[in-house]
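Here is an informal walk through one protein chain, going from charged pairs to sheets and then to the surface. Have the viewer open and follow along.

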Amino acid sequence: MQTILLGADSPIGLTMIRELGRAGIKVHGIGWGKGSVGLYSKYLESAHYRQSGQLVEQLNAIAEAFACPWIMAVSEDDIMFLQRNRDALQVQPIVPSEAAFAAVVNKNVTLEAARQIGIDTPKTWRIKALADLEGLASELSYPLILKWDNPHAVKAKIHALNRQVDKFRYVYDPAELKQYLTEYDVIGEFPLIQEYCPGYGLGQMFLASAGRVILRFQHQRIAEWPPEGGVSVVCRSLGLDLHQELMAKSAQLLQTLDWTGPAMVEYRYDPIRQRAVLMEINGRFWGSLPLAYYAGVPFVSGWFLAATGGQQPEQPQYQANVQCRYLVPECKRLMTILLFPDRIQNKTLRFSKCAEISAFLRRFFRADSYYYVFSWDDPKPFLFDLVNMLRKLFRL
């Protein structure tokens with residue numbers, strides 16, 4: 001059996017290649033260029049550079065050359081590309097349904113569905129014009145978080161302003177809020193305004209088929225890049241004996257959305273108040289996928305086999321307290337904390353520099369610590385990633 005993988009660029013794609021290859025499934029990877037770490041894996045059958053203007057033709061040519069019947073994707077953009085071009089492809093996409101995926105991408109739909117089944121969600125305000133802020137003044141408590149309801153729907157308009165789509169933005173007073181929102185008044189689109197929810201990231205991961213959960217796993221984020229929230233750069237697996245009621249509600253949420261495929265239901269968990277607040281659903285393989293693999297949950301091969309008519313996997317008794325680290329952004333995080341703490345958006349965070357250095361070094365000596373990119377039996381991706389990092393650092 002074999003598949004094309006669109007998105008061999010990140011540790012997610014690399015982990016997918018490794019897991020599928022170790023399961024005996026041949027993978028033909030497509031990445032943007034020499035910086036695509038997955039293209040250097042020994043578990044790859046063939047490597048290809050992406051032809052963005054002729055991607056459908058390229059995919060069909062690879063499918064014909066290698067008699068490959070399936071294709072998987074990593075990013076949301078690529079998943080939607082495969083959904084849009086399904087009829088023109090000579091290869092069968094293994095992707096969620098368009099209706100369910102559209103609901104998950106839209107935070108408004110996700111949060112409303114969550115409220116209906118009793119999942120706690122952040123207080124959220126939406127405005128249609130800057131004048132609406134005046135009526136909200138008495139309700140808002142700072143800091144606030146700004147994020148886009150559906151980033152894909154506004155991406156083109158924001159790029160036309162020569163700006164990137166911010167995943168989130170902290171604001172600390174009414175003047176800062178109005179100043180940020182004013183930048184988007186010209187396009188008539190505004191991000192959601194949400195309450196700040198303290199705590200750490202708690203991810204509950206699932207593989208589902210028509211809403212029925214096949215596999216489940218959960219983890220805690222130990223460190224993120226940037227430090228105020230973003231990519232998980234250090235995380236640890238949590239056993240299924242924890243947060244059982246919350247996990248049941250997360251599974252119910254996916255059932256409500258008639259979800260098929262992998263998904264991470266992401267919360268902010270406050271251990272002091274024992275409050276879990278839903279942030280979003282990632283309707284794709286998530287950044288900390290390597291942790292799930294090393295802990296013993298075969299999400300990638302499980303989905304491939306289930307989607308292609310093979311045997312569905314059984315829930316394994318995976319390892320709790322396994323740690324996994326994404327070393328390059330973890331180094332960036334440490335440098336920011338040590339040298340540029342004023343760049344951290346969340347001003348409520350307090351870091352002990354000595355404790356951060358100590359924790360960073362101790363992780364190298366943990367027997368149960370793994371890496372997003374480095375693997376003893378497949379070292380080339382790490383070496384090329386290191387070379388690319390040095391090239392960027394010294395601008396070679």
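## Arg-275 and its two acidic partners

Glu-195 and Arg-275 form a salt bridge, with 3.3 Å between the closest N and O atoms. This is a predicted model, so keep that in mind throughout. The pair brings together distant parts of the chain: Glu-195 sits in strand β9 and Arg-275 in strand β14, 80 residues apart. Is Glu-195 buried or exposed? Glu-195 has a relative accessible area of 17%, so it counts as buried, the cut-off being under 20%. Arg-275 is buried as well, at 18%.

Arg-275 also forms a salt bridge with Asp-120, and here the closest N and O atoms are 2.7 Å apart. That link spans 155 residues, from Asp-120 in the loop between α5 (107-116) and β6 to Arg-275 in strand β14 (residues 275-282). Asp-120 is partly exposed, because its relative accessibility is 32%.

## Other charged pairs

Over the whole structure, the search turns up 19 salt bridges. One of them joins Arg-163 to Glu-183, again with the closest N and O atoms 2.7 Å apart. Arg-163 is in the loop between α7 (151-160) and β8, while Glu-183 is in the loop between α8 and β9, so this pair ties together parts 20 residues apart in sequence. What about cover for these two side chains? Arg-163 is partly exposed at 25% relative accessible area, and Glu-183 is partly exposed at 32%.

There is also a network to look at: Arg-221, Glu-224, Glu-266 and Arg-268 are joined into one by salt bridges that share partners.

## The antiparallel sheet

Strand β9, home of Glu-195, belongs to an open sheet of four strands, ordered β6-β9-β7-β8 with antiparallel pairing. Why do β6 (124-125) and β8 (169-171) each have a side without a neighbour in the sheet? They stand at the edges and have a single partner strand each, so one side of each is left without a neighbour.

Further in, β7 (residues 144-147) and β9 (residues 192-195) pair in the antiparallel sense over four bridges. To find the register, look for Leu-146, which stands opposite Ile-193 in β9. Helix α8 (residues 174-182) packs on this sheet and touches β7, β8 and β9, with its direction at about 140° to that of β8.

## The parallel sheet

Now move to the N-terminal numbering, where five strands make an open sheet with parallel pairing, in the order β3-β2-β1-β4-β5. Here β3 (44-49) and β5 (92-93) are the edge strands, each with a single partner, so one side of each has no neighbour in the sheet. Strands β1 (residues 2-6) and β4 (residues 70-73) pair in the parallel sense, and four bridges connect them. Leu-6 stands opposite Ala-73 in β4.

Two helices are worth picking out against this sheet. Helix α11 (residues 299-307) packs on the sheet, touches β1 and β4, and makes an angle of about 140° with β4. Helix α3 (residues 76-84) lies across β1, β4 and β5, and runs at about 145° to β4.

## Pro-316, after helix α11

Follow the chain on from α11 and you reach Pro-316, in the loop between α11 and β15 (323-325). Which residues does Pro-316 contact, leaving aside its neighbours within four places in sequence? They are Leu-215, Gly-296, Val-297 and Pro-298. Pro-316 is partly exposed, with 22% relative accessible area.

For a sense of distance, compare Pro-316 with Ser-97: they are 219 residues apart along the chain, and their C-alpha atoms are separated by 26 Å.

## A nonpolar patch on the surface

Last stop: Ile-357, Leu-361, Phe-364 and Phe-365 make a nonpolar surface patch of about 420 Å². Phe-364 is found in the loop between α13 (353-362) and β16 (369-371). How exposed is Phe-364? Its relative accessibility is 38%, so Phe-364 counts as partly exposed.

Methods: Residues are numbered from 1 along each chain as its sequence is written. This is a predicted model: local features need pLDDT of at least 70, side-chain atom pairs count only at pLDDT 80 or more; totals for chains, interfaces and linings use all residues. Side-chain values use heavy atoms; hydrogens and water are left out. Two strands pair if DSSP finds at least two bridges between them. Contact means heavy atoms within 4.5 Å. Axes are lines fitted to C-alpha atoms, for helices over the stretch in contact, and angles run from 0 to 180 degrees between N-to-C directions. Patches are made of residues with over 30% relative accessible area and no salt bridge: like charges are joined within 9 Å, nonpolar side chains (Val, Leu, Ile, Met, Phe, Trp, Tyr) within 5 Å. Accessible areas come from the Shrake-Rupley method with a 1.4 Å probe; for residues, only the protein chains shown count as cover. A salt bridge is a side-chain nitrogen of Lys or Arg within 4 Å of a carboxyl oxygen of Asp or Glu. Buried means under 20% relative accessible area, exposed over 50%, partly exposed in between (1.4 Å probe, protein chains only).
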